[in-house]
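Let's take a walk through this structure together, with the sequence and the model side by side.

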Amino acid sequence: MGRRLKGARRLKLSSLRSLQKGPDLLSPPSASPVPTPAISRTLLGNFEESLLRGRFAPSGHIEGFTAEIGASGSYCPQHVTLPVIVTFFDVSEQNAPAPFLGVVDLNPLGRKGYSVPKVGTIQVTLFNPNQTVVKMFLVTFDFSDMPAAHMTFLRHRLFLVPVGEEGNASPTHRLLCYLLHLRFRSSRSGRLSLHGDIRLLFSRRSLELDTGLPYELQAVTEAPHNPRYSPLP
């Protein structure tokens with residue numbers, strides 16, 4: 001355990017607590033104290049869905065977060081910066097984490113949303129009210145087979161998992177740090193764009209792990225299956 005791990009993405013316990021610094025990193029100095037519910041080791045699927053779909057009553061909001069959105073591929077659309085509506089929750093269940101929910105409304109960009117190439121990389125950078133980077137997300141995608149007038153989504157998660165257990169980590173050893181939910185739509189002419197909104201979950205507390213094991217970040221990106229694409233309503 002005393003050896004230094006190689007690789008920029010491998011983390012020791014001593015560095016986990018510096019990954020996020022709690023409310024001081026995420027909220028402005030003037031923000032009201034945030035309630036501190038118990039934090040579990042994982043985000044349960046149903047709880048995650050309920051947060052993303054707005055099924056929980058919020059305890060409050062924090063203003064001043066922004067997100068810079070960009071893409072690259074066969075062409076590079078101009079980056080845009082939009083406000084992020086950030087909500088926190090007071091969840092009393094012992095096994096339920098309480099991350100922040102961030103929502104980026106894409107409607108100010110117009111009816112067509114944010115145009116992106118059919119194959120490439122989406123970059124979303126989240127800034128706190130002090131204009132400090134909270135997280136930069138990089139998500140690759142390939143929708144070259146997407147028919148016109150259809151839609152789909154990508155859900156990108158970043159976990160902390162024990163070193164050596166990247167593909168076999170049990171839920172109790174895997175901690176969700178960040179989540180990014182992107183919705184895509186193809187126009188009747190086949191042009192692809194991000195549309196509706198972008199939703200994010202990110203931890204509101206410093207990460208506390210007491211297993212004595214080194215951890216590293218693992219990225220997982222999921223998309224719908226059967227069907228992969230759905231026709232526009």
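**Pockets and a sheet**

Three strands share the work in the second largest pocket: β7 (114–115), β11 and β12 (192–194) each supply at least two residues of its lining. Keep in mind as you look that this is a predicted model. The volume of this second largest pocket comes to about 260 Å³. Its lining is made up of 13 residues, and those closest to the centre are Arg-111, Lys-112, Arg-185, Ser-187 and Ser-193. Sorted by class, the lining of the second largest pocket holds 3 nonpolar, 5 polar and 5 charged residues.

Now turn to the largest pocket, which has a volume of about 320 Å³. Which residues should you click on to find its centre? Of the 18 that line the largest pocket, Arg-53, Phe-153, Arg-155, His-181 and Arg-183 lie nearest the centre. Two or more lining residues come from each of α3 (45–52), β10 (150–162), β11 (175–186) and β13 (197–202). Among these elements, β10 gives the most to the lining of the largest pocket, with 4 residues. By class, the lining of the largest pocket counts 7 nonpolar, 4 polar and 7 charged residues. If you have been following β11, you have now met this strand twice: β11 gives two or more residues to the lining of the largest pocket, and β11 also supplies at least two to the lining of the second largest pocket.

From the pockets, let's move to a sheet. Four strands form an open sheet in the order β4-β3-β8-β9, and their pairing is antiparallel. Which strands sit at the edges? They are β4 (80–83) and β9 (133–142), each of which pairs on one side only. From one strand to the next, the twist averages 20 degrees.

Strand β3 (residues 66–73) is a good place to trace the pairing in detail. On one side, β3 and β4 run antiparallel and are paired over 4 bridges. You can check two of the partners by eye: Ala-67 has Leu-82 of β4 as its bridge partner, while Thr-66 is bridged to Pro-83 of β4. The link between β3 and β4 is a hairpin through 6 residues.

β3 also pairs with strand β8 (residues 119–127), again in the antiparallel sense, over 8 bridges. To locate this pairing on your screen, start from Gly-73, whose bridge partner in β8 is Gly-120.

Definitions and conventions: Residues numbered from 1 in each chain as written. Predicted model: local features only at pLDDT ≥ 70, side-chain atom pairs only at ≥ 80, totals over all residues. Heavy atoms only, no water. 1 Å grid on protein atoms, 1.4 Å probe; cavity = no way out; pocket = protein on both sides within 12 Å on 5 of 7 lines; lining within 4 Å. Points joined across faces, edges and corners; volume = space filled by probe spheres on them. Nonpolar A, V, L, I, M, F, W, Y, C, P; charged D, E, K, R; others polar. Pairing = 2+ DSSP bridges. Axes fitted to C-alpha atoms, helices over the stretch in contact; angles between N-to-C directions.
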